[in-house]
Each structure stands twice: as C-alpha cells, then as structure tokens.
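Reader: I would like a close look at a single part of this model. Please take the barrel and the hairpins that build it, and then set that part against the rest of the chain.

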Amino acid sequence: MIVPKPMLQLPNIADTVEQVRPAVVSIVAKTISLDSVGRQAQGFGTGTGVIFDESGLVLTNNHVIDGGVEITVTLDDGTQVQSEIVGADRLYDLAVLKLPNGSYPPLTLNENKDLRAGDWVIAIGNALALPGGPTVTVGVVSALGRSIEASPGITLYDLIQTDTSINPGNSGGPLIDLNGNLIGINTAVLRGSSRRDGVVVEGIGFAINIETAQQVATQLVKLGHVRWAWMGVFL
C-alpha cells in the first residue's frame with residue numbers, strides 16, 4: 001500500500017499581516033538645518049512605528065525622529081496626525097511618540113522567551129516611503145544575541161539577526177512571529193561591501209528584541225529618558 005506523503009503546510013502570512021497592520025504607522029519627521037551660508041534648509045526623515053498602547057503611544061527608532069521639529073504620523077486608514085515626542089534614547093536607539101487623544105489598536109509589548117534561530121518572522125514597514133501602504137517581507141531568525149556598532153561610539157546589544165528584507169523606511173517597524181506577536185523593532189541592516197575586507201554582505205538585518213524595547217519604553221513613558229545603571233568611584 002502506498003502511503004501518501006503529508007502536504008507541506010506553509011505559513012499563512014496574509015492573515016497575520018491583516019491582524020497586525022492596524023497597529024503599524026508610517027512616520028515622517030521634518031528637520032531644519034543650516035547650510036554653509038547660514039540659511040535654513042528643510043529636510044525629512046522617514047520610518048515606521050508601532051502603536052503599543054490604546055491611548056496612542058507609538059514605539060519607533062530614535063534615529064527616525066532625531067532632530068525632528070514636526071512629526072507626522074500616518075495611520076493604517078490613511079489618517080494623518082501630528083505627534084509629540086514622549087522620550088527618546090540614543091544609546092538604545094528607541095523613542096516613544098504620543099498621538100492625539102483617542103483610542104487606537106495596539107500591538108502589546110509582551111516578552112517572547114521561546115524565540116529560536118530558524119523561526120519564521122515577518123517585517124512590516126514604510127520601506128522607501130512607497131505610496132499605497134506598508135511593505136511586508138518574510139524571513140527567519142538567523143541568530144540571537146548579536147551586537148553591532150550602529151554609529152560611532154554607539155553599540156547596540158542583544159539584537160535579533162534576521163534575513164528578512166529590511167530597507168530604508170523600515171526602521172522602527174515591527175518584526176513579528178506567525179501568531180502576530182511583536183518580537184522586535186527593526187533597526188539596522190548590513191548591505192554592500194564590508195569596509196574592512198570588501199566582502200559583499202546580503203540578508204543581514206537586525207531588530208531590537210522585545211525585552212529590551214519593553215524596558216526602554218516603560219522608562220521613556222514614566223521618566224522621559226532612560227535611567228542608566230553605572231559604577232563609579234568617589235574620592
């Protein structure tokens with residue numbers, strides 16, 4: 001007797017995205033700088049955010065809103081609102097925004113200690129600020145506990161490495177599992193040639209894990225900043 005092989009069950013990405021998408025917002029931060037002759041020049045930074053409290057609290061990357069004098073948030077239904085910065089931290093590269101008073105669909109910051117290398121993950125974000133809604137990409141957790149130098153003097157620790165495609169504008173957006181749980185905040189990507197040896201790099205993205213994001217967001221909401229632990233000697 002021939003026993004039929006079991007059919008391969010692929011993950012249902014569309015249903016998960018539909019469940020999570022109302023909590024994902026796009027962010028445009030207007031910046032003002034001075035040119036070489038002292039004239040004001042206007043610029044814009046774009047990224048993504050996640051509503052994590054029904055009162056309208058949004059978690060994103062600090063580098064998305066850094067220097068912003070006017071921050072416009074576009075909700076999933078296309079509504080545009082102005083937001084205020086509740087708090088931000090450069091060393092963790094996280095920031096919390098506050099939307100106008102109202103009731104919003106949140107994606108809660110629950111810890112996920114069962115995450116393993118090889119687990120399916122989904123990234124949702126405002127990639128390249130393309131019109132028509134957020135971009136969805138799929139991949140796996142490549143490794144856990146990674147560290148990278150995000151900018152001179154600032155190293156991000158305990159990151160999730162993923163091969164999910166992440167592009168400019170994805171920063172601050174959610175990395176979720178197949179059940180729609182938020183597991184990380186997409187933050188950085190390595191692409192192109194390494195500065196050290198010229199090796200071409202592809203498919204290496206990083207997300208701040210949800211445990212770190214939860215702790216930082218709590219302090220930013222309560223204090224407006226992160227209270228750092230330190231050791232020192234007094235004479």
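Author: What follows goes through the barrel strand by strand, then moves outward. Note that the model is predicted.

Start with the whole chain. It holds three helices and twelve strands. Of its 235 residues, 41% count as buried. Contacts with a separation of 6 or more come largely from afar in sequence: 62% of them join residues 24 or more positions apart. The exposed area is about 13400 Å². Carbon and sulfur atoms supply 53% of that area.

Now the barrel. Six strands close it, in the order β1-β2-β3-β6-β5-β4. The pairing is antiparallel. On average, neighbouring strands of this sheet are turned by 40° against each other, with direction ignored.

Take the β4 and β5 pair. Strand β4 covers residues 68–74 and is joined to β5 by four bridges. The two run antiparallel. Within this pair, Thr-72 stands opposite Gln-82 in β5. The hairpin has five residues between the strands. One of its residues, Gly-78, takes a positive phi near 95°.

The loop between β4 and β5 also holds Asp-76. What does the side chain of Asp-76 meet? It meets the side chain of Arg-21 in a salt bridge, at 2.7 Å from N to O. This pair links distant parts of the chain, since Arg-21 lies in the loop between α1 (13–20) and β1 (24–34), and the two residues are 55 apart. Asp-76 counts as partly exposed because its relative accessibility is 30%. Arg-21 is partly exposed too, with a relative accessible area of 31%. In general, side chains of opposite charge can pair when their charged atoms come close.

Go on to β5 and β6. These strands pair in the antiparallel sense over five bridges. Asp-89 stands opposite Leu-94 in β6. The hairpin has four residues between the strands. Here the residue to inspect is Asp-93, which is found in the loop between β5 and β6. Its phi is near 55°, a positive value in a residue other than glycine. Most residues other than glycine have a negative phi. Is Asp-93 buried or exposed? Asp-93 counts as buried, because its relative accessibility is 8% and the cut-off for buried is under 20%.

Strand β6 has a second partner. Four bridges join β3 (residues 57–60) to β6 (residues 94–98), again in an antiparallel run. In this pair, Val-58 stands opposite Leu-97 of β6.

A helix lies across this part of the barrel. Helix α3 (residues 210–223) lies across β2 (40–53), β3, β5 (80–89) and β6. Its angle to β6 is about 50°.

Next, the rest of the chain. Asp-158 gives another positive phi in a residue other than glycine, near 55°. It lies in strand β9 (residues 154–162). Asp-158 is partly exposed, with a relative accessible area of 43%.

The structure holds two salt bridges. One is the Asp-76 and Arg-21 pair described above. Another joins Asp-119 to Arg-116, where the closest N and O atoms are 4.0 Å apart. Arg-116 counts as exposed, because its relative accessibility is 58%.

Look at the surface as well. Trp-120, Val-136 and Val-138 make a nonpolar surface patch of about 250 Å². Of these, Val-136 is found in strand β8 (residues 135–151). Val-136 counts as partly exposed because its relative accessibility is 36%.

Finally, Arg-191. It is found in strand β11 (residues 182–193). With a relative accessible area of 41%, Arg-191 is partly exposed. Which residues is Arg-191 in contact with, leaving aside its neighbours within four places in sequence? They are Ile-166, Asn-167, Val-201 and Glu-202. Glu-202 is eleven residues away from Arg-191 in sequence, and their C-alpha atoms are 5.4 Å apart in space.

Back to the barrel for a last look. The two hairpins described there each hold a residue with positive phi: Gly-78 between β4 and β5, and Asp-93 between β5 and β6.

Methods. Residues are numbered from 1 along each chain as its sequence is written. This is a predicted model: local features need pLDDT of at least 70, side-chain atom pairs count only at pLDDT 80 or more; totals for chains, interfaces and linings use all residues. Side-chain values use heavy atoms; hydrogens and water are left out. Buried means under 20% relative accessible area, exposed over 50%, partly exposed in between (1.4 Å probe, protein chains only). Contact means heavy atoms within 4.5 Å. Accessible areas come from the Shrake-Rupley method with a 1.4 Å probe; for residues, only the protein chains shown count as cover. Two strands pair if DSSP finds at least two bridges between them. Axes are lines fitted to C-alpha atoms, for helices over the stretch in contact, and angles run from 0 to 180 degrees between N-to-C directions. Patches are made of residues with over 30% relative accessible area and no salt bridge: like charges are joined within 9 Å, nonpolar side chains (Val, Leu, Ile, Met, Phe, Trp, Tyr) within 5 Å.
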